[in-house]
Amino acid sequence: MLLADKTVIITGASRGIGRAAARECARQGARVVIGHSGSSQGTEAAYSLIEEIKAFGGRAIEVGGDAADPDTGDKLVAAAVQAFGSVDVFVNNAGICPFHSFLDMPREVYLKTVNTNLNGAYFAVQAAANQMKNQGRGGAIIAVSSISALVGGGMQTHYTPTKAGLHSLMQSCAIALGPYGIRCNSVLPGTIATDINKEDLADAEKLAYMTSRTPLGRLGEPDDVAGPIVFLASDMARYVTGASLLVDGGLFVNLQ
Ligand SMILES: NC(=O)C1=CN([C@@H]2O[C@H](COP(=O)(O)OP(=O)(O)OC[C@H]3O[C@@H](n4cnc5c(N)ncnc54)[C@H](O)[C@@H]3O)[C@@H](O)[C@H]2O)C=CC1
Ligand SMILES: C[C@H](O)[C@@H]1OC(=O)[C@H](O)[C@@H]1O
């Protein structure tokens with residue numbers, strides 16, 4: 001098992017990519033902290049994931065908290081230490097993408113997106129890194145960034161900068177935290193069918209277009225991203241830091 005004896009915190013783990021990653025980390029032997037929004041839906045989904053994980057002999061707890069709140073990272077770390085005694089891996093995954101045009105972008109939509117995807121993440125990464133530093137045995141931090149860190153989206157002018165920001169945060173943290181043996185990397189998913197894009201991809205033409213642009217011939221599924229996250233979390237990636245891994249079925253390189 002790739003993550004035996006490691007404690008992994010994953011934000012936004014009640015559904016989608018975070019849920020798949022949490023399940024796979026537990027399958028690989030990790031004790032998992034399921035971060036979720038704290039809504040009744042999120043709490044219910046987190047408990048159902050705990051049951052799934054328990055069913056195959058894994059261990060998990062849930063912690064509710066708004067990813068935009070700078071205190072949520074501290075809360076997640078404290079819960080992990082109380083339940084499992086350590087934090088070895090932190091996966092920053094929670095995010096939103098309310099598609100909207102640029103010229104009339106409401107300030108509150110812009111600010112909510114940046115606070116949820118990037119500002120809260122900064123402080124959560126800081127909280128996890130301080131715990132790992134104090135433990136004195138290194139660790140791994142992974143940001144779920146996006147192919148959108150590298151390319152734009154006309155309806156995502158508030159979103160793509162947050163994903164570029166996370167990508168850049170991992171690069172800078174790789175330098176800041178390397179001396180403590182803490183590795184920092186990002187995964188850059190392409191188009192993965194989840195709730196975040198359900199409405200957008202309900203447009204049959206858009207769905208067909210995105211699928212046709214993907215060399216592997218299909219959109220991604222949350223489980224497609226879980227493996228790369230586990231790899232970067234594991235000691236198999238012990239000399240990998242400051243890196244980013246596209247998980248996009250070839251979408252990015254498909255110019256023509
Ligand atoms: N689905 C896709 O095509 C891609 C997704 N991503 C990123 O992957 C991450 C996960 O998204 P998906 O699984 O696709 O979507 P999703 O909508 O299924 O999952 C998002 C998760 O974030 C949580 N979340 C949202 N706002 C929150 C808040 N304020 N506080 C706490 N939790 C909050 C949700 O509860 C949910 O668990 C996001 O950061 C997204 O930007 C990146 C590239 C592509
Ligand atoms: C939500 C979008 O479908 C998705 O999010 C990303 O980060 C990808 O670039 C896609 O645009």
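Biologist: Which kind of A67 atom lies 2.7 Å from a nitrogen atom of ligand 1?

Modeller: A backbone N or O atom of A67. Read such a pair as a polar contact (N or O atoms within 3.5 Å). This is a predicted model, where local features need pLDDT of at least 70 and side-chain atom pairs pLDDT 80 or more, while totals for chains, interfaces and linings use all residues. Residues are numbered from 1 along each chain as its sequence is written, chains are lettered from A and ligands numbered from 1 in the order written, and side-chain values use heavy atoms, without hydrogens and water.

Biologist: What else pairs with ligand 1, at which distances?

Modeller: K163 brings a polar side-chain atom to 2.8 Å from an oxygen atom of ligand 1. A polar backbone atom of I192 is also 2.8 Å from an oxygen atom of ligand 1. The protein covers 93% of the 820 Å² of accessible area that ligand 1 has on its own (Shrake-Rupley, 1.4 Å probe).

Biologist: How many residues surround ligand 1, and which come nearest?

Modeller: A residue counts as near if one of its heavy atoms lies within 4 Å. There are 27 around ligand 1, and D66, A67, N93, Y159 and T194 come nearest. By class, the shell has 9 nonpolar, 14 polar and 4 charged residues. Nonpolar means Ala, Val, Leu, Ile, Met, Phe, Trp, Tyr, Cys and Pro; charged means Asp, Glu, Lys and Arg; the others, Gly among them, are polar.

Biologist: Which residues surround ligand 2, and how do they divide by class?

Modeller: The list is C97, F99, S146, I147, S148, Q156, Y159, G190, I196 and N197. They divide into 5 nonpolar, 5 polar and no charged.

Biologist: Which side chains place a polar atom by an oxygen atom of ligand 2?

Modeller: S146 does, at 2.5 Å. S148 does, at 2.5 Å. Q156 does, at 3.0 Å. The protein covers 87% of the 290 Å² of accessible area that ligand 2 has on its own.

Biologist: At what angle do α1 and α2 pack?

Modeller: Helices are DSSP runs (H or I, at least four residues). Axes are lines fitted to C-alpha atoms over the stretch in contact, and angles run from 0 to 180 degrees between N-to-C directions. Helix α1 (residues 16–27) and helix α2 (residues 40–55) pack at about 25°, axes 10 Å apart. That makes α1 roughly parallel to α2 (under 35 degrees).

Biologist: How do α4 and α5 cross?

Modeller: The axes of α4 (residues 107–135) and α5 (residues 160–177) come within 10 Å and cross at roughly 15°. So α4 is roughly parallel to α5.

Key. Polar contact = N/O pair within 3.5 Å; in protein donor to acceptor, adjacent residues only side chain to side chain. Helix = DSSP H or I, 4+ residues; strand = E, 2+ residues; numbered from the N terminus. Parallel < 35°, antiparallel > 145°, perpendicular 65-115°, else oblique.
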